[in-house]
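Trainee: I would like to learn how to read a ligand site and a chain interface. Can we take them one feature after another?

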Amino acid sequence: MSDSPVISLHDVSFTYRTQISRKPNFMEAVRNAGRGQRSTKLVHALKNVTFDVAQGEVLGIVGANGAGKSTLMRAIGGIVPPDEGEIRVRGEISALLALGVGFNPQLSGRENVILAGLATGLSREVVEEQYQAIVEFAEIEEFMDMPMRTYSSGMYSRLGFAVATNMNPDILLIDEALSTGDAHFKEKSSQRIKELKDSAGAMVIVSHSMATLKELSNRLLWMHKGEVIATGEPEKIIDAYSKFLKVGNINAVMEDF
Amino acid sequence: MRVFKPFKAGFPNFRIYLAQIWQRKAFIHELSLAERRLEHLDTVFGAIWTILSPMLMAAIYYLLVMVLQGGHKPPNFLVHLLAGVFIFNFISVSAMRCARSITNSGRLITNANFPRAILPLTQTWTSFLQLLPALAILLVAQVTLGPGLSWTLLWAIPDLAIIFIFAVGFGFLTATANVYFRDTAAALPYFNRVWTYASPVLYTADQVRNLSTHDSWMYVNPLFAPLEIWSGTIAQLQTFPLHLWLISLGGAVLFLMLGTAVFLYREGEFAVRV
Ligand SMILES: Nc1ncnc2c1ncn2[C@@H]1O[C@H](COP(=O)(O)OP(=O)(O)OP(=O)(O)O)[C@@H](O)[C@H]1O
Ligand SMILES: [Mg+2]
């Protein structure tokens, strides 16, 4: 069982259907009844994505803004259902998507941390045990009783990262959480990810920082407009991707890939 | 091993889902407390404020009934009225909070995976906690203006449980409806107002019964029987026949099942709708 992939995506496609009208409401539905198709805009955020993540592997994901990276993470986390295909995941997922904690920015950091733990289904005792470790790791003890809306974005991501990595997940999904921390915290979280590599089942990291990805991941996956362009050795993918960023043309880059 | 497949407006495994919710009961209570702190509902003034609005409502209704009925009112009418208004206030507040529970949690829902039902459940629980100080007032009114303490009053507890079950089901419905029709929350106060008038709050069930020989249609309103039992028990120390309890429980369970079904059927889609 342990040599089968921890995360496995098979031909996964996902489309956002956004109604052009601001917010769906009943009066409008009545008015539009019988007029056929409502005006919806389709965004094909994932197109036939297929890949596996093996036990102990750290998969990095690169791609331009709007490439579908966050959507992919949501699909793996079971938050959005795919339109086509199938996603198989083995183990408990801790998703740190767009700064995962934050049940309510009006609530204090302490309340948010406890709630985040309880929401993942941990018992109160376990959450309280983890709380101390989380605060120590995030190093923002004196701000824990302040509402989270008063946090700087770095503090937000520090706490989010600390929560996600302290809930003993089998699978860790991290979406750009590393980029807003300062140099000291970046170093610390890289260290933490390396530690977790051994204990956690698998990790998927989305980042715009090539240095971070080069340092942490075993393998890189490059996405563009919902499609997987290439996957492979971090060095190789980063080279190709960097070239693409300069040239702005996929085909030109892929010729000598 | 978890498998995420295309959303086909289907049901999750009910037993597993229920276990997941049960596992998160601490979350429900904790979020409820935190939100109450936020809205200052846990302070004395907060509690007074939340009681004041239904009390004012009851005062207006009392005047209204006095004027319309020319002083002929049922015995212990004020206690009857307070009892009904407090319960209806609980149901409206709960329905309202539930309606916004999903649509106000957009970020949370698009970034974390958990059984969504805990969000409306939290709101019903918050509304229930908010009802408790009102019940204390009701008890004072019952003792000073009403028939006074008696063991019969204990029948109000299972009836309250039935009303709670109803509120949970209704909350699931409004939570789902508001995702698809954002004007649901805005329409709710009117809806609830009409529902109050159709329930034995401004009048007693006996008064309706005296109007015609065919009176069973009044139980089309699933809140009629629970409220009849509720205010009858508290204001008159009446006890009620089994069939009325069964009608009450049946209606509440039906609403719970309907609400749960609608919510679970649609839940998988919330992340792309909020
Ligand atoms: N909630 C949504 N509703 C409609 N369309 C969306 C939604 N979220 C994302 N999209 C669209 O899906 C596409 C992929 O978005 P996604 O957030 O996955 O990109 P990303 O790779 O994470 O980008 P970034 O690097 O900027 O974080 C984009 O075209 C975006 O417009
Ligand atoms: Mg993103």
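Trainee: How many Å separate an oxygen atom of ligand 1 from an N or O atom in the side chain of His208(A)?

Mentor: Bear in mind that this is a predicted model. For a polar contact, look for a pair of N or O atoms within 3.5 Å. Here the distance from the side chain of His208(A) to an oxygen atom of ligand 1 is 3.0 Å.

Trainee: At what distances do Ser70(A) and Thr71(A) hold polar side-chain atoms from an oxygen atom of ligand 1?

Mentor: For Ser70(A) the value is 2.6 Å. For Thr71(A) it is 2.5 Å.

Trainee: How many residues surround ligand 1, and which are the closest?

Mentor: The ligand has 14 residues around it, and the closest are Asn65(A), Gly66(A), Lys69(A), Ser70(A) and Thr71(A).

Trainee: Now the interface. How many residues of chain B are in contact with chain A?

Mentor: Start with the residue counts, then take the area. On the chain B side 34 residues are in contact, and they meet 45 residues of chain A. The two chains bury about 3400 Å² between them, with 59% of that on carbon and sulfur atoms. Within chain B, the residues that lose the most area to chain A are Met1(B), Phe4(B) and Asn111(B), together 20% of what that side buries.

Trainee: How many salt bridges are there between chain B and chain A?

Mentor: A salt bridge is read from a side-chain nitrogen of Lys or Arg and a carboxyl oxygen of Asp or Glu, with 4 Å as the limit. The count between these chains is 2, while the structure holds 14 over all chains. Arg37(B) pairs with Glu111(A), with the closest N and O atoms 2.7 Å apart. Glu30(B) meets Arg124(A) at 2.6 Å, N to O. This second pair runs from helix 2 of chain B to helix 4 of chain A, residues 124-138.

Trainee: How many residue pairs are in polar contact between the chains, and which helix of chain B gives the most to that side?

Mentor: There are 7 such pairs, counting residues at pLDDT 80 or more. Helix 2 of chain B gives the most, with 7 residues. By class, the chain B side has 19 nonpolar, 5 polar and 10 charged residues.

Trainee: Which strand of chain A do bridges join to strand 1 of chain B?

Mentor: To read strand pairing, check the bridges and the direction. Strand 4 of chain A, residues 84-89, is joined to strand 1 of chain B by 3 bridges, and the two run antiparallel. In one of them, Arg88(A) has Val3(B) as its bridge partner.

Terms used: Residues numbered from 1 in each chain as written. Chains lettered and ligands numbered in written order. Predicted model: local features only at pLDDT ≥ 70, side-chain atom pairs only at ≥ 80, totals over all residues. Heavy atoms only, no water. Contact = heavy atoms within 4.5 Å. Buried area = accessible area lost by both parts, 1.4 Å probe. Polar contact = N/O pair within 3.5 Å; in protein donor to acceptor, adjacent residues only side chain to side chain. Helix = DSSP H or I, 4+ residues; strand = E, 2+ residues; numbered from the N terminus. Nonpolar A, V, L, I, M, F, W, Y, C, P; charged D, E, K, R; others polar. Pairing = 2+ DSSP bridges. Near = heavy atom within 4 Å.
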